Amino acid sequence: SVNWYDVNNGFNPVTYAQSGGFGDAVTFDDNGGANPAVNITLAVTPAVMKVSGDGVNYTFSGAGKISGGATLVKTGFATLTLGTANDFTGGTILGGGTISLGNNVALGLGRVTITNGVLASDSAAARTLTNDLTLGANTGITLGNFINTGTLTLAGTIDLSGANSRTLSLDSDIVLTGVIT
C-alpha cells in the first residue's frame, strides 16, 4: 500500500518496491498518518523497520510477511498492530508505545527486547510468543491490555537483564512458561 516515502524522490508517497536481496531501512512515523493501514502483499525484507511517532497508530496486515534479517524498532507513544505471520530474525526492540499482536509469530523469530512500552494481544484472542524476551528496565513495561484481554503466553526464555527484580504491570492474563534468567 502507499505508506512509504521515497527520500530520493522528493519524499513522494510510494508503494514499497524492494529490488530484491537485503532491503532498505524504512520508517513509519507521524508523517504517514494519511495511510496507517499497511497492506503487506508479499514477503518484504527491509534491513531495519522503525515505527515511531506519537499520533499515528499503524496496522500491518495482508498475505505477505516481514522476512529476512530485519530488525523491528518501535518507539513513541502510538500503537503498532501486527497481523502478519512474520519470520524476520533480527529481533524486535520495544522502546515506547504499544505492540499489539495479531498473530503468534507477529514478532518474527528473533529476540524481543523491551525497555519501555506495552506488549499485548490485539483482541480477546490468546497469543503465544516463543521468542526469547529481554526485559531491560525496572519500570515502564506493561504486559497485556485491559481492553484487548487475550491471554499472552510467553514461552521463550525471559531474561531480566542482570537485575535482581523487575516491576511489571500486568493488564490482562499473562502466562510465563519460559525459563526466567
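**Residue S121 and strand β9**

Good morning. I begin with S121, which, leaving aside residues up to four places away in sequence, touches S100, L101, R127, N148 and G150. Please bear in mind throughout that this is a predicted model.

Where does S121 lie? Its place is in strand β14, which covers residues 117-121. Is S121 buried or exposed? Its relative accessibility is 1%, and because of that value S121 counts as buried; the cut-off for this class is under 20%.

The side chain of S121 also has polar contacts to the backbone. One of these goes to the backbone oxygen of A125, at 2.6 Å. Another goes to the backbone oxygen of S123, at 3.1 Å.

I now turn to the second part of my presentation, strand β9. This strand, residues 71-74, is covered on both faces. On one side T71 and V73 are buried, and on the other side L72 and K74 are buried.

Which strands pair with β9? Strand β6, residues 48-51, runs parallel to β9, and four bridges join the two. Strand β11, residues 92-94, likewise runs parallel to β9, here with three bridges.

Allow me to follow one residue, K74, through these pairings. Towards β6, K74 is the bridge partner of V51. Towards β11, the bridge partner of K74 is L94. K74 is also among the buried residues of β9 that I named a moment ago.

To close, I would ask you to find two places in the structure before you: S121 in strand β14, and K74 in strand β9, with its bridge partners V51 and L94. Thank you for your attention.

How values were computed:
Residues numbered from 1 in each chain as written. Predicted model: local features only at pLDDT ≥ 70, side-chain atom pairs only at ≥ 80, totals over all residues. Heavy atoms only, no water. Buried < 20%, exposed > 50% of the residue type's maximum accessible area, 1.4 Å probe, protein only. Polar contact = N/O pair within 3.5 Å; in protein donor to acceptor, adjacent residues only side chain to side chain. Contact = heavy atoms within 4.5 Å. Pairing = 2+ DSSP bridges.
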